[in-house]
Amino acid sequence: MKPAPFEYHAPVSLEQALELKAQSGEDAKLLAGGQSLVPAMNFRVVQPGVLIDLNRVSELSYIREEKKAIRVGAMARERHLEFDPVIEKRAPLLHEAVPFIAHPQIRNRGTIGGSLVHADPAAELPVLMLALNARMKAKNISRERWIEAKDFFVGMFTTALEPDEILVEIEIPFMPPRAGWSFMEVAPRAGDYALMGVAAQVTLDEAGKCKEARLVYLNAGEGPLEAREATQLLEGEPPNDILIEETAALASEKEINPFGNVHASAEFQRHLAKVLTKRTLQQAIQRAGELQ
Amino acid sequence: MTQPISITLTVNEQEYTREVEPRMLLSDFLRHELGLTGTHVGCEHGVCGACTILFDGESMRSCLIFAVQADGHAITTVEGLAKDKDNLHPLQQSFWEAHGLQCGYCTPGILMSMIPFLKQNPDPTEEEIRHALSGNLCRCTGYQHIVDAVKLASEKMK
Ligand SMILES: Cc1cc2nc3c(=O)[nH]c(=O)nc-3n(C[C@H](O)[C@H](O)[C@H](O)COP(=O)(O)OP(=O)(O)OC[C@H]3O[C@@H](n4cnc5c(N)ncnc54)[C@H](O)[C@@H]3O)c2cc1C
Ligand code: FES
Ligand code: FES
């Protein structure tokens with residue numbers, strides 16, 4: 001199958017890309033890694049009249065360490081995130097989870113910006129951005145604005161971006177002190193979209209009580225899904241197995257909303273969520289303790 | 001600009017200049033414009049891995065890249081591995097010796113995935129090899145002999 005014809009532009013600066021986006025309106029699509037867009041075009045599910053290729057906009061491809069946060073350009077490849085020493089040190093949760101995204105051949109091309117804007121509920125990066133409290137910088141020809149991860153993902157394959165906006169940068173805060181992390185998922189084969197996945201980050205206080213806990217799930221609703229009620233059971237308490245059990249039960253039975261698919265019923269997804277929640281919490285708490 | 005665009009790229013160390021429609025996939029460009037039919041096409045949505053090539057040395061799906069995007073870049077296809085038919089690349093030689101293929105449909109994509117893998121992991125375990133093969137589907141072999149072939153290649157290429 002071949003994609004329908006389109007007008008092709010390959011801007012070399014962000015300014016040019018923004019101008020093209022402003023001129024060409026809603027019929028224009030941005031092309032990042034193409035690992036989600038091109039399959040859709042090959043099947044003609046998507047038929048943009050204009051394609052604005054961001055691959056020559058080199059100013060959007062970077063990973064930078066600042067005082068309290070990492071800044072990542074929207075065109076940074078998933079493979080770059082995987083091997084970046086700053087990310088390994090400052091956002092170990094992200095470092096641990098990126099290898100679960102597809103295969104190296106896909107990560108060599110796929111970008112962080114493309115994955116976030118695609119907003120697949122089964123994708124890892126949106127879940128991680130929510131768990132890490134990241135924020136996204138969106139730009140159009142006349143202004144820029146920051147959008148918190150919790151406001152960015154608004155539904156199935158839908159974000160808060162306006163049609164004339166380009167996602168240009170992602171800001172990821174450093175992992176706080178005394179925090180531990182864990183990411184686990186279950187997929188039919190390595191590299192496949194997961195049936196269920198959980199990102200956990202737990203911060204302890206000086207006395208070893210849980211100061212903050214975050215649990216974010218993939219494939220558990222219309223977008224990345226955070227279990228806020230469940231983590232409140234842990235917060236303020238010294239973590240123990242009974243609390244972890246209760247947290248996992250509440251999150252998996254009440255808070256998440258998996259739809260089920262050909263590989264797994266919703267019930268099985270809830271079962272996986274429960275098991276993975278327990279395991280990720282245990283690992284995150286253990287790591288937080290080790291780092292004290 | 002749905003009309004053809006002129007591109008110049010390097011494929012297997014040879015430079016080509018061609019006019020291409022923007023919607024032409026790199027996989028089709030290699031096969032139909034350059035006659036390099038070693039790059040196979042299975043699914044055209046990134047899943048099977050048969051079309052895997054090297055793009056500036058990194059393995060990628062040629063079915064998910066437009067030929068116009070390869071302008072100015074260097075592509076390596078399976079045809080670029082062997083010097084001639086009597087001098088197979090050690091990876092190819094290993095697939096031959098270890099029976100790493102049956103129909104051969106998946107083989108070019110697997111070879112082009114394993115070249116950078118073995119460069120990064122010169123002494124891989126079976127577990128690592130199996131993981132690295134997960135992005136390439138084979139409908140014939142059951143993978144066992146492919147794993148053996150990659151292991152053999154890692155020894156030959158040391
Ligand atoms: C076989 C296969 C397996 C995969 N498995 C997984 C997996 O397990 N987990 C996972 O998370 N993903 C998986 N993916 C998807 C992969 O991670 C994609 O790379 C990613 O979802 C999209 O990123 P991209 O850069 O390729 O974006 P593209 O496909 O180029 O774009 C996706 C969408 O985002 C828009 N867009 C891109 N960049 C911007 C920007 N800067 N501003 C505004 N809009 C923009 C595009 O217009 C398009 O609508 C898989 C893909 C394949 C082919
Ligand atoms: S044809 Fe490209 S991955 Fe299947
Ligand atoms: S040998 Fe036939 S598909 Fe792999």
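# Helices, sheet and cores

Student: Which helix of chain B holds B:Leu118?
Tutor: Helices and strands here are DSSP runs numbered from the N terminus (H or I and at least four residues for a helix, E and at least two for a strand). By that count, B:Leu118 falls in chain B's helix 3 (residues 107-120).

Student: Before we go on, what kind of model is this?
Tutor: Residues are numbered from 1 along each chain as its sequence is written, chains are lettered from A and ligands numbered from 1 in the order in which they are written, and side-chain values use heavy atoms, with hydrogens and water left out. Local features need pLDDT of at least 70, side-chain atom pairs count only at pLDDT 80 or more, totals for chains, interfaces and linings use all residues, and the model itself is predicted.

Student: Back to B:Leu118: buried or exposed?
Tutor: Leaving aside neighbours within four places in sequence, B:Leu118 is in contact (heavy atoms within 4.5 Å) with B:Leu91, B:Pro124, B:Val150, B:Ala153, B:Ser154 and B:Met157. The scale uses a 1.4 Å probe on protein chains only: under 20% relative accessible area is buried, over 50% is exposed, and in between is partly exposed. B:Leu118 has 5%, so call it buried.

Student: And what is the relative accessible area of B:Ser27?
Tutor: B:Ser27 sits in helix 1 (residues 26-33) of chain B. Beyond residues up to four places away in sequence, B:Ser27 touches B:Val41, B:Ser62 and B:Cys63. B:Ser27 counts as buried because its relative accessible area is 0%.

Student: Which helix of chain A gives the most residues to the largest nonpolar core?
Tutor: A nonpolar core is a set of buried Ala, Val, Leu, Ile, Met, Phe, Trp, Tyr and Cys residues joined through side-chain atoms within 4.5 Å. The largest one has 43 residues, and A:Leu94, A:Leu116 and A:Met129 are among those with the most contacts inside it. With six residues, the top contributor is helix 8 (residues 124-131).

Student: How many residues are in the second core?
Tutor: This second core is separate, and it includes A:Leu37 along with B:Cys51, B:Phe66 and B:Ile75. Its size in residues is 31.

Student: In what order do the three strands of the chain A sheet run?
Tutor: Two strands pair if DSSP finds at least two bridges between them. Strand 1 pairs with strand 3 (residues 50-53) in the parallel sense over three bridges. The sheet is open, and its strand order is 1-3-2.

Student: Which strands are at the edges?
Tutor: An edge strand of this sheet pairs on one side only. In chain A, that applies to strand 1 (7-9) and strand 2 (28-31).

Student: How far apart are the axes of helix 11 and helix 12 of chain A?
Tutor: Axes are lines fitted to C-alpha atoms, for helices over the stretch in contact, with angles from 0 to 180 degrees between N-to-C directions. Helix 11 (residues 241-255) and helix 12 (residues 266-290) pack at about 145°. Their axes are separated by 8 Å.

Student: What is the phi of A:Arg44?
Tutor: A:Arg44 lies in the loop between helix 2 (37-42) and strand 3 of chain A. A:Arg44 is partly exposed, with a relative accessible area of 31%. Although not a glycine, A:Arg44 has a positive phi of about 60°.
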